[in-house]
Amino acid sequence: MKEDKHLDTLSAEERNALAICGITKDAQLRKIPLSSILTDVSMAAENFPAEMAALPEQRIEEIYQLCNQEEVIDSEEKRPVLSDRIDDIAQRRIPTLVLARRGSSKKSRSSSTSRTSKELHNKSHCIHCARPIRIYFSAWFTLLFYLDLVAWIVLPLLFLLELLPVVSAKLIIAALVAGLLPFFFVARGARCSVCNINIFILRSFSESQYAHKLPLLNRNISTALHIILFLWYRCPGCGTPQHILRRSRRR
C-alpha cells in the first residue's frame, strides 16, 4: 500500500494544517486516537488561526474515518487465503469506531481541550527562555519607563507648588529623558522565543488569554513584575510559559 495514499488526495491547505499538528503520513493518522487529534488541532488553532481554519472539526472526523476505512480495505486485499475462514475471522480484531451522541461528545472534547490548554500554560510546562538576561533587565527598564512617565506629570506640579528645592530645569529634563532611553534601546528588543513578538510592546494587539494581568495595572507592568518576582513569565502574544533561570538540558 502506498504510504501516503489518502493524504495526497487532500488539498494543500488541509495538508499544511495537518503538518502543523505533526501529521504528514497516513500511518501517523491511523496510530493517533481521534480525540488526541482534535485536541492538538484545537491547541494549534490558538497560535495559527489562519492556517487551521482549513481544517474544521467535522472535516477532521471525515478524514480520520476515510483513512481508517482504506486501511481495512487494503488489509482485506493483502490477507492470505486460508483454509479455515471461520478461525481467521474470529482471531482477527477489526478496529471499530464508536460515535457517541454529538452534543455530549462535543461537550466532553471541549472540557478536555480547555483543561489540557490550561495545564500547558502553567509553570510546570515552562520552556527555557532564549534571551533570559535581556528579558530580565528589560523588565526593570519597563518599570523605569512607566515611573518616568509619571514623573513627567508629577515633578512640574511639585515645582509649581514649591515643594521641591530649586534645580536647573535642563538637568531635570535630561534626567527624565535618560530614564526613557533604556526602554527604547533594550526593552523594545525583548522578544518571545516562540512567536518572536515584542514582549513589552506599547501598541495594542490580540493578546493571549493567559497573559499576565494584575488589577489596575496594564499588560507590560504586570508582565515585568511577574518576571522580576518569579523569574518566569507567559508570553502576552502566544501564552507560552518560559523560565528565566533554568537548566538548558531540561525540556
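Okay, one definition before we start: when I give a helix axis, I mean a line fitted to C-alpha atoms over the stretch in contact, and the angles run from 0 to 180 degrees between N-to-C directions. With that in hand, let's look at α8 and α10. Their axes come within 9 Å and cross at roughly 135 degrees; α8 is residues 132-160, and α10 is residues 219-230. So α8 and α10 are oblique to each other, and their crossing is left-handed.

Keep in mind that this is a predicted model. Mean pLDDT for the chain is 76, with 74% of the residues at 70 or more. Where is confidence highest, and where is it lowest? The top is α10, with a mean of 92, and the bottom is helix α7, residues 102-120, with a mean of 56.

Back to the α8 and α10 contact. From α8 you get Ile-135, Tyr-136, Ala-139, Trp-140, Thr-142, Leu-143 and Tyr-146, and they meet Asn-220, Ile-221, Ala-224, Leu-225, Ile-227 and Ile-228 in α10. Split by type, the residues of that contact are 11 nonpolar, two polar and no charged.

Now, α8 also packs with helix α9, residues 169-185: here the axes come within 8 Å and cross at roughly 155 degrees. Angles over 145 count as roughly antiparallel, so that's what we call α8 and α9. This crossing is left-handed too.

Who's in that contact? On the α8 side, the residues include Phe-141, Phe-145, Leu-149, Trp-152 and Phe-159, and on the α9 side they include Ile-172, Leu-176, Leu-180 and Phe-184. The residues of this contact come out as 18 nonpolar, two polar and two charged. Arg-134 and Asp-148 of α8 are also on the contact list.

Last item, the strands. There's an open sheet of three strands, in the order β1-β3-β2, with mixed pairing. Why is one side of β1 and of β2 left without a neighbour in the sheet? Because β1 (127-128) and β2 (232-234) stand at the edges, each with a single partner strand. For β1, the pairing with β3, residues 241-243, is in the parallel sense over two bridges. If you want to find it on screen, look for Ile-127, which stands opposite Gln-242 in β3.

That's it from me, thanks.

Note on methods:
Residues numbered from 1 in each chain as written. Predicted model: local features only at pLDDT ≥ 70, side-chain atom pairs only at ≥ 80, totals over all residues. Heavy atoms only, no water. Helix = DSSP H or I, 4+ residues; strand = E, 2+ residues; numbered from the N terminus. Parallel < 35°, antiparallel > 145°, perpendicular 65-115°, else oblique. Left-handed = near helix turned anticlockwise from the far one by under 90°. Contact = heavy atoms within 4.5 Å. Nonpolar A, V, L, I, M, F, W, Y, C, P; charged D, E, K, R; others polar. pLDDT = per-residue confidence, 0-100. Pairing = 2+ DSSP bridges.
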